[in-house]
Amino acid sequence: MIDSEQSVSSSSRPKVGFVSLGCPKNLVDSEVMMGLLDSAGAQMTNDAAEAEILVVNTCSFIDKAKQESVDTILEMAQHKTDGKARRLIVAGCLVERYRDEIRKNIPEVDAVVGTGELEAILAAAGLSKPAPVISQPSPFTILTDAEAASIAATNIEFRAEGDLRESQGRFSRAEWDGAEASALPQYLYDHTTPRLLATGKTSAYIKIAEGCDHPCAFCVIPNLRGKFRSRRFESVVAEAESLVAQGVREIVLIGQDTTCYGEDMGLKDGLAMLLDRLAQIPDLKWLRFLYAYPNKVTGKLLETIAKHEKIVKYLDVPLQHAAGPVLKLMKRGANADIFLKTVAKVREAVPGIALRTSFIVGFPGETEADFEALCDFVREAKFDWLGVFTYSDEEGSKAFDLGDKVPPRVIESRRKKLMKLQQSISKKAKQDWIGRELDVLVEGESEETPLLWEGRSQFHAPEIDGTVYINDFGPFEELTPGRFYRCEITEAHDYDVVARIVGEA
């Protein structure tokens, strides 16, 4: 309940400030909540000091993310004393995990919204759901009769993995403080849901699925987000066409495991089908997806990536480790030899593709021999991009109960060693970029110096990979952020490259 002293002003458009933490999937949730609030009459502001309502959409994937979330909540709470804020709302994964603790220990918080309760943001903000509008015929092509028939013809038995995992206790939240054990999140937004983009006008994420059924021992996301569930094929197509009609030129499909897309609806190679359909949208420049589960990278998927110019030649496959014993403990399976065959298959099917992966070092039971096997694998695979996470002991995960924990100082030492190894691989690989011409999405002036601008090629996913620095505008007096230009790479560094503009893309 909100007491009268904390009520929001009666202004027709109360100002709402948003802080979104964590992954792109969380960002989409924030955009949906902002859209819902906007449709109910609220006004978004980037200035927390001016906001009457503050919302913190939290992450709780690992300890560092939890601490950042708590610190941000406390920082925003200060605006209730020093600023204009009258209501503080906490949303997201931290709420699913620690709902009761948040309410008990941070009294400044007026309301909480879980990952499956996005529409509750309206009541939490003290706003009413707008009256339904009589919908007009959609200007977007959803599916032709032939496409609908094609989807029906590929139907397989519905995916039963979620039910199996539930019977094995995968989604149990019985010991969590505040999460309702019997009420896993079910929510999925669709193409009719109001949404305000926070990524600018050129790029946008589309969440095509929610939740996860995989049994990975280090991860609590299934407990936080519920069973894997795909959005309807037609709904994703409609949203993509709508975004492109609004000027979006890069679409990034996201989900905890996009390669499982459609399996719960009976689709075989659903992601490949979806990519094939979206690649036909006029005016779309780049189409990419994050993230791929290694044993779900099918020949059909690779064939589809290779077939369409609009589908960027980029694949993010989080492998987590390469030593067989560690992968077995992680409940992932496979080993370095299997992964090397997968890497070779991908590169053969899609020449020139950029491969990104991520690993966890210091998983319980990881020996020095296991870590050296991982290093050997990285040397041989030669990934274009690589991220390394230190193991975080998360209560509620299967790994939490494993013995033989690796000391923190050893974990950090291994992280540094692996990143140093990748740095040398990347530095050598980037030298081969010199002289290449690439289409680059220019994002704006560099934060480091006004003498440089920044951009990305198709081989760079937003925010996680290196940067294309631009120091020569070529035939242009000025550049326009959000536009594509043709660039020539002139210098290379460890992870970043320098380019000059040679024309329009």
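Trainee: Let's start with a pairing: which residue in β9 stands opposite tyrosine 205?

Mentor: Good place to begin, and keep in mind that this is a predicted model. Strands β6 and β9 (residues 250–254) run parallel and are joined by five bridges. Across from tyrosine 205, the residue in β9 is valine 252.

Trainee: Which are the edge strands of the sheet that holds β6 and β9?

Mentor: Begin with the order, which is β6-β9-β10 in an open sheet of three strands with parallel pairing. An edge strand here pairs on one side only, and that description fits β6 (203–207) and β10.

Trainee: By what angle are neighbouring strands of this sheet turned against each other on average?

Mentor: Follow the order β6-β9-β10 from strand to strand. With direction ignored, the average turn between neighbours is 20°.

Trainee: At about what angle to β6 does α1 run?

Mentor: Helix α1 lies across two strands of this sheet, β6 and β9. Relative to β6, the helix runs at about 95°.

Trainee: Now the sheet of five strands: what does its twist average from one strand to the next?

Mentor: This open sheet has parallel pairing and the order β2-β1-β3-β4-β5. Its edges are β2 (43–45) and β5 (111–113), each pairing on one side only. From one strand to the next, the twist averages 25°.

Trainee: What angle does the direction of α1 make with that of β1?

Mentor: Strand β1 (residues 15–20) pairs with β2 in the parallel sense through three bridges, and lysine 15 stands opposite glutamine 43 in β2. Helix α1 (residues 24–39) packs on this sheet, where β1, β2, β3 (53–58) and β4 (87–92) are touched. The direction of α1 makes with that of β1 an angle of about 170°.

Trainee: And what is the angle between the directions of α4 and β4?

Mentor: Helix α4 (residues 93–105) also packs on the sheet, touching β3, β4 and β5. Between its direction and that of β4, the angle is about 135°.

Trainee: Within what arc do the buried residues of α11 fall, seen down its axis?

Mentor: In α11 (residues 299–307), the buried residues are Leu301, Leu302, Thr304 and Ile305. They line one face of the helix, because seen down the axis they fall within an arc of 160°.

Trainee: Which elements are included in what covers those buried residues of α11?

Mentor: The residues in question are Leu301, Leu302, Thr304 and Ile305. The elements covering them include α10 (270–278), β10 (286–290) and α13 (336–349).

Trainee: Which element gives the most to the lining of the largest cavity?

Mentor: The structure holds two cavities of 30 Å³ or more, and the largest has about 80 Å³ of space. Among the residues lining the largest cavity are Val297, Leu315, Phe339, Val346, Arg356 and Phe383. Two elements, β12 (354–361) and α13, each supply at least two residues of that lining. With four residues, the element that gives the most is α13.

Trainee: Last one: which residue in β15 is the bridge partner of leucine 441?

Mentor: Strand β14 (residues 437–445) runs antiparallel to β17 (residues 484–492), joined by five bridges, and in β17 leucine 441 stands opposite phenylalanine 484. Four bridges join β14 to β15 (residues 453–456), also in an antiparallel run. There, the bridge partner of leucine 441 is arginine 456.

Notes
Residues are numbered from 1 along each chain as its sequence is written. This is a predicted model: local features need pLDDT of at least 70, side-chain atom pairs count only at pLDDT 80 or more; totals for chains, interfaces and linings use all residues. Side-chain values use heavy atoms; hydrogens and water are left out. Two strands pair if DSSP finds at least two bridges between them. Axes are lines fitted to C-alpha atoms, for helices over the stretch in contact, and angles run from 0 to 180 degrees between N-to-C directions. Contact means heavy atoms within 4.5 Å. Buried means under 20% relative accessible area, exposed over 50%, partly exposed in between (1.4 Å probe, protein chains only). The arc is that of the directions from the helix axis to the C-beta atoms. On a 1 Å grid over the protein atoms alone, a cavity is a set of points where a 1.4 Å probe fits but cannot get out, and a pocket is an open set with protein on both sides within 12 Å along at least five of seven lines; lining residues have an atom within 4 Å of a point. Grid points are joined across faces, edges and corners, and a volume is the space filled by probe spheres set on the points.
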